[in-house]
Amino acid sequence: MISQAVPQASIYLPHLAELIRIEPIAEREKVFEFRLKDGKELGHKPGQFVELSIFGIGEAPISLSSSPTKKGSFELAVRNVGNVTNALHNLDIGATVGIRGPFGNGFPVDNLKGKDIVIVAGGIGLFPLRSLINYILDKRSEFGRLIILSGSRTPQERMFVNELEKWHKREDVELLETVDEGDEEWTGHVGVVTTLSSEVHIDPEKIFAVVVGPPVMYKFVVAECHKKGIPDERIIMSLERRMKCGIGKCGHCQINGVYVCQEGPVFTYAEVKKLREAI
Amino acid sequence: MENKIIEKQNMAPFVDNLINAEAEVIGPKRKDGKYAFDKLIETGELCLDYDTTLLPPKMYLFPPKETLIKFELGKEPEVEPVVEAKPLILFGVHPYDIKAIELLDVAFSTTNPDINYLSKREKAVIIGVDCLNPNPNAFCPSLGTATAETGFDLMLTDIGDSYVVAIGSSKGEQLLTKYAETREASQVELAQRNSERQKALARYKVTLNISPEELPQLLDKSWDSPWWKEKSEKCLSCGSCIVVCPTCFCFDVQDDVTLNLKEGERYRQWDGCMLVDFAAVAGGGNFRGDKESRFRHRMYRKGKYIWERYGKLGCVGCGRCASACLAEIASPAETFNRLKEESK
Ligand SMILES: Cc1cc2nc3c(=O)[nH]c(=O)nc-3n(C[C@H](O)[C@H](O)[C@H](O)COP(=O)(O)OP(=O)(O)OC[C@H]3O[C@@H](n4cnc5c(N)ncnc54)[C@H](O)[C@@H]3O)c2cc1C
Ligand code: SF4
Ligand code: SF4
Ligand code: FES
């Protein structure tokens with residue numbers, strides 16, 4: 001009658017993890033580095049997420065921001081917007097949190113191998129994309145060109161400034177940055193992220209675009225990709241939805257028949273355009 | 001399937017034996033002029049000729065509120081899973097509710113098996129009873145849920161002076177052998193069961209003008225119908241339709257801490273897509289912020305999404321939602337029939 005035997009373990013039980021480093025990266029954003037208390041590796045793919053618990057407050061889905069090539073610990077970059085994220089921001093080093101996951105499909109790194117990649121990051125879209133960027137940099141010879149287009153609202157809201165500087169200096173990374181609104185000190189590009197596109201020359205036959213940003217960004221970036229001749233199957237995006245369970249049970253993350261926590265959060269535009277209410 | 005007979009005068013002793021000897025027995029009882037599943041203290045409370053219950057029996061397998069983990073707070077927090085499951089007999093479950101439980105079995109065991117549901121389910125015995133007195137909003141025959149061939153341990157049918165008992169599992173058979181006085185069912189009695197079921201079919205007032213297999217296709221064509229906006233305008237976003245539904249299984253998860261802040265628990269509670277915040281995210285976004293999209297989403301789950309994902313219908317036609325909805329808009333039958341009209 002029941003198609004599966006009763007499982008041994010609860011899918012709702014988090015692993016315990018210790019907070020080992022905190023680094024502020026912008027006004028409301030910090031990076032948190034964790035180590036699982038049982039000494040195991042998290043074992044994630046770039047683009048996957050965890051359910052982070054602050055016991056007594058609740059759980060929130062947060063993308064892995066570190067690359068799986070970094071062993072022994074993992075990083076989450078988090079914007080303080082509500083209950084769980086605020087409680088996390090108030091923790092001190094040594095604190096214990098709960099971690100379930102990694103969940104979701106992640107970026108299709110195997111398909112990206114040998115290809116040129118243009119990464120388009122809007123705001124905190126850089127949090128999950130940083131995992132992919134550092135993964136590619138650690139396995140640099142396995143990938144083609146790496147172009148990064150990163151947009152922030154203001155110069156103060158640029159995330160991971162140190163890392164951006166490092167990427168700027170590398171010969172094998174083409175990084176273009178922009179801010180929506182500059183200030184006196186900002187000498188770089190001003191305009192939304194799509195305005196960088198005229199400065200980029202690509203070979204549409206061998207490029208993948210990987211796009212993560214606020215919901216409003218996707219339509220504009222897709223239009224730019226189309227102008228450059230990138231087909232829908234090679235435009236990759238990660239979608240945000242409300243999530244409670246992370247494992248295909250609670251229904252909160254559903255877009256049409258799709259559970260974003262299961263079949264996503266990473267989709268090709270070819271998949272996304274078949275969904276109503278997706279972007 | 002093997003069939004036995006329990007004479008009506010032998011039914012009370014059977015139920016009493018179950019209550020006294022076996023496990024907690026849950027059955028439909030009268031409540032404020034309606035019916036509700038509740039723990040049976042004595043056989044007399046059991047109403048086997050009810051039309052439908054306010055809440056479905058799923059509440060004993062997937063409770064309205066259920067603890068998932070417990071934790072101790074402090075410098076070194078400790079967590080443990082909480083899985084509460086005790087032997088339970090669900091007595092007098094209608095076929096549509098049995099079909100709904102079969103859907104929950106699939107939903108909770110697929111991909112990431114859910115120990116909280118499956119442990120309760122494993123310990124539950126289901127004794128069904130055919131619904132011969134359907135409620136006016138039900139449309140089970142149109143969905144093939146008026147009778148059930150699987151999903152029960154025993155299935156009773158009232159044929160006048162006695163019940164025919166179909167045996168659905170060895171567990172069910174053991175309970176009969178141990179606690180009930182039965183005899184073999186004759187061909188005449190089995191024919192009587194058929195005729196009772198046939199007569200019941202004629203008592204349903206609502207019919208779906210489309211076969212369930214065609215629903216996904218119909219909905220594929222109906223996304224842009226004016227119906228969604230028109231009909232949903234009256235919606236109060238009260239969530240009654242999802243609370244009473246036997247096939248709804250979405251939930252919210254929350255933490256609670258004790259007053260001394262030393263320990264707490266994480267629990268889940270029923271939640272559903274007709275409530276305003278169901279798809280709201282941080283930063284003020286809401287992916288289904290208007291009534292129209294929530295109303296449509298629920299109907300698509302009932303007629304298409306669940307079917308495509310789990311191979312079972314997302315609606316069993318019990319009619320509870322239609323009875324519960326003050327705005328009189330919640331019945332999937334009305335919506336599906338209307339869309340069928342539009343598609344002609
Ligand atoms: C796959 C995925 C990956 C993500 N990755 C990251 C990441 O790497 N970094 C990051 O910072 N964020 C990430 N997010 C977003 C993050 O999950 C949310 O910001 C987080 O869940 C907020 O939780 P909270 O408890 O802090 O906020 P909450 O207290 O839950 O809410 C914050 C705000 O959300 C709104 N809200 C919440 N609940 C309701 C409700 N019931 N009704 C109306 N409004 C409501 C309100 O405006 C509220 O102020 C990700 C989300 C997903 C789905
Ligand atoms: S949608 Fe309505 S009729 Fe269908 S199973 Fe749920 S409550 Fe019953
Ligand atoms: S459809 Fe009816 S029962 Fe459901 S939320 Fe709207 S008003 Fe409430
Ligand atoms: S987050 Fe619960 S189903 Fe996806």
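Student: What makes the shell around ligand 3 nonpolar, polar or charged by class?

Tutor: Count by class: the shell around ligand 3 has 9 nonpolar, 3 polar and no charged residues. Ala, Val, Leu, Ile, Met, Phe, Trp, Tyr, Cys and Pro count as nonpolar, Asp, Glu, Lys and Arg as charged, and the others, Gly among them, as polar. The shell includes Cys235(B), Leu236(B), Ser237(B), Gly239(B) and Met274(B). To be near a molecule, a residue needs one of its heavy atoms within 4 Å of it.

Tutor: Some ground rules: this is a predicted model, where local features need pLDDT of at least 70 and side-chain atom pairs count only at pLDDT 80 or more, while totals for chains, interfaces and linings use all residues. Residues are numbered from 1 along each chain as its sequence is written, chains are lettered from A and ligands numbered from 1 in the order in which they are written, and side-chain values use heavy atoms, with hydrogens and water left out.

Student: Why is the site of ligand 1 called shared between chains?

Tutor: Residues from chains A and B surround ligand 1, so the site is shared. Among the 24 residues around ligand 1, those that come nearest are Pro61(A), Arg79(A), Asn83(A), Thr85(A) and Ala282(B).

Student: What makes the pair between ligand 1 and the side chain of Thr85(A) a polar contact?

Tutor: The cut-off is a pair of N or O atoms within 3.5 Å; within protein, one must be able to donate a hydrogen and the other to accept it, and residues adjacent in sequence count only if both atoms are side-chain atoms. An oxygen atom of ligand 1 sits 2.5 Å from an N or O atom in the Thr85(A) side chain, so the pair meets that distance. An oxygen atom of ligand 1 is also 2.8 Å from a polar backbone atom of Val84(A). From chain B, an N or O atom in the side chain of Asp277(B) is 3.1 Å from a nitrogen atom of ligand 1.

Student: How do you know that strand 11 and strand 12 of chain B pair?

Tutor: Two strands pair if DSSP finds at least two bridges between them, and 7 bridges join these antiparallel strands. One of the partnerships is Phe251(B) with Trp270(B) in strand 12. Strands here are DSSP runs (E, at least two residues), helices likewise (H or I, at least four), numbered from the N terminus.

Student: What makes strand 5 and strand 11 of chain B edge strands?

Tutor: The open sheet has 4 strands in the order 5-4-12-11, with antiparallel pairing. Strand 5 and strand 11 each have a single partner strand, so one side of each is left without a neighbour in the sheet.

Student: Why is Thr111(B) called exposed or buried?

Tutor: Buried means under 20% relative accessible area, exposed over 50%, and partly exposed in between (1.4 Å probe, protein chains only). Thr111(B) has 59%, so it is exposed. Thr111(B) lies in the loop between helix 2 and helix 3 of chain B.

Student: Which class does Glu277(A) get, and why?

Tutor: Glu277(A) is at 24% relative accessibility, so it counts as partly exposed.

Student: What is unusual about the phi of Glu277(A)?

Tutor: Most residues other than glycine have a negative phi, and most peptide bonds are trans. Glu277(A) has a positive phi of about 70°, and Thr111(B) has a positive one of about 55°. As for peptide bonds, the one from Gly101(A) to Pro102(A) is cis, with omega near 10°.
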